[in-house]
Amino acid sequence: MTVVITTFDWVPDMARGFVRDLRIRWACEEAGLPYQVETTSVRERTPAHYARQPFGQVPILRDGELSLFESGAILLYLGEGQDSLLPRDPQARAQTQQWLIAALNSLEPVVMALALARVFDRNAVAEELALPRVHERLRQLEPVLADRDFIAAGQFTIADILMTDVLRNVESLGELAAHPVLAEYLARMIARPAFQRAHAAQLEHFAEAA
């Protein structure tokens, strides 16, 4: 069965390549899972959209009768049947889940706080508070990746998808260069053919919507 990924019908140029449906596209590309893309309006969130996603966000996954939101939850769901995304070995599986949640809970909130302060709110005081928190988290992460190719389980997993996408946001803010181990990890991950296909597909989608 082909899964269906819901994303927005349009986003501004600065957001293209960063909308979180990319995470789901990438997982499908890595696992060879066929998928289709449908859209919901970014300008006028409909009652039907809120019925599926109470916060009016994307992505949403539809797999038969199942409708699921939140990129982390969707990645865990997709990983259930795919050894290439979520290992069967209990310890490797637990490590993957641990690092996926760490990317979502320990790293992404501080990165988004900086993005909101610097890019959206243009609040210098909030930026001054957020910036050291980002670099503290990055310094804590760097030793973990100093001697491994992947963040968990000794193989590529859904945890790498989450961690990479968060680090892409750090790079877009110009704050990753001070952490060469993380910059090298990011370069390895985005060089993967599956990421390249997913990224190009999202850019094409929004280019057609322009």
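## A walk through the fold

Following the sequence from its start, the chain runs through the pattern β-α-β-α-β-β-α-α-α-α-α-α, which amounts to eight helices and four strands. Here helices (H or I, at least four residues) and strands (E, at least two) are DSSP runs, numbered from the N terminus. What you see is a predicted model, in which local features need pLDDT of at least 70 and side-chain atom pairs count only at pLDDT 80 or more, while totals for chains, interfaces and linings use all residues. Residues are numbered from 1 along each chain as its sequence is written, and side-chain values use heavy atoms, with hydrogens and water left out.

Let's begin with the overall dimensions. The C-alpha atoms fill a box of roughly 45 × 40 × 30 Å along the principal axes. The radius of gyration is 17 Å, close to the 17 Å that the globule rule gives for 210 residues, so the chain is as compact as a globular protein of that length. For the record, this radius is taken over C-alpha atoms, and the globule rule is 2.2 Å times the number of residues to the power 0.38.

Contacts (heavy atoms within 4.5 Å) tell us about the wiring: among those with a separation of 6 or more, 69% join residues 24 or more positions apart. Buried residues make up 45% of the 210 in the chain, where buried means under 20% relative accessible area, exposed over 50%, and partly exposed in between (1.4 Å probe, protein chains only).

Now for the interior. In soluble globular proteins, nonpolar side chains tend to be buried together. A nonpolar core is a set of buried Ala, Val, Leu, Ile, Met, Phe, Trp, Tyr and Cys residues joined through side-chain atoms within 4.5 Å. The largest such core holds 50 residues, and Trp 99, Leu 107, Leu 141, Ile 151, Met 163 and Leu 167 touch the most other members. Elements giving two or more residues to this core include strand S1 (3–8), helix H1 (21–31), helix H4 (90–120) and helix H5 (124–145). H4 supplies the largest share, nine residues.

Leu 167 makes a good place to zoom in: beyond neighbours within four places in sequence, its contacts are Leu 107, Leu 138, Leu 141, Leu 176, Leu 182, Tyr 185 and Leu 186. A second, separate core of six residues includes Val 11, Val 19, Val 42 and Phe 206.

Finally, visit Arg 122, in the loop between H4 and H5. Arg 122 counts as exposed because its relative accessibility is 72%. Outside its neighbours within four places in sequence, Arg 122 is in contact with Leu 116 and Ala 117.
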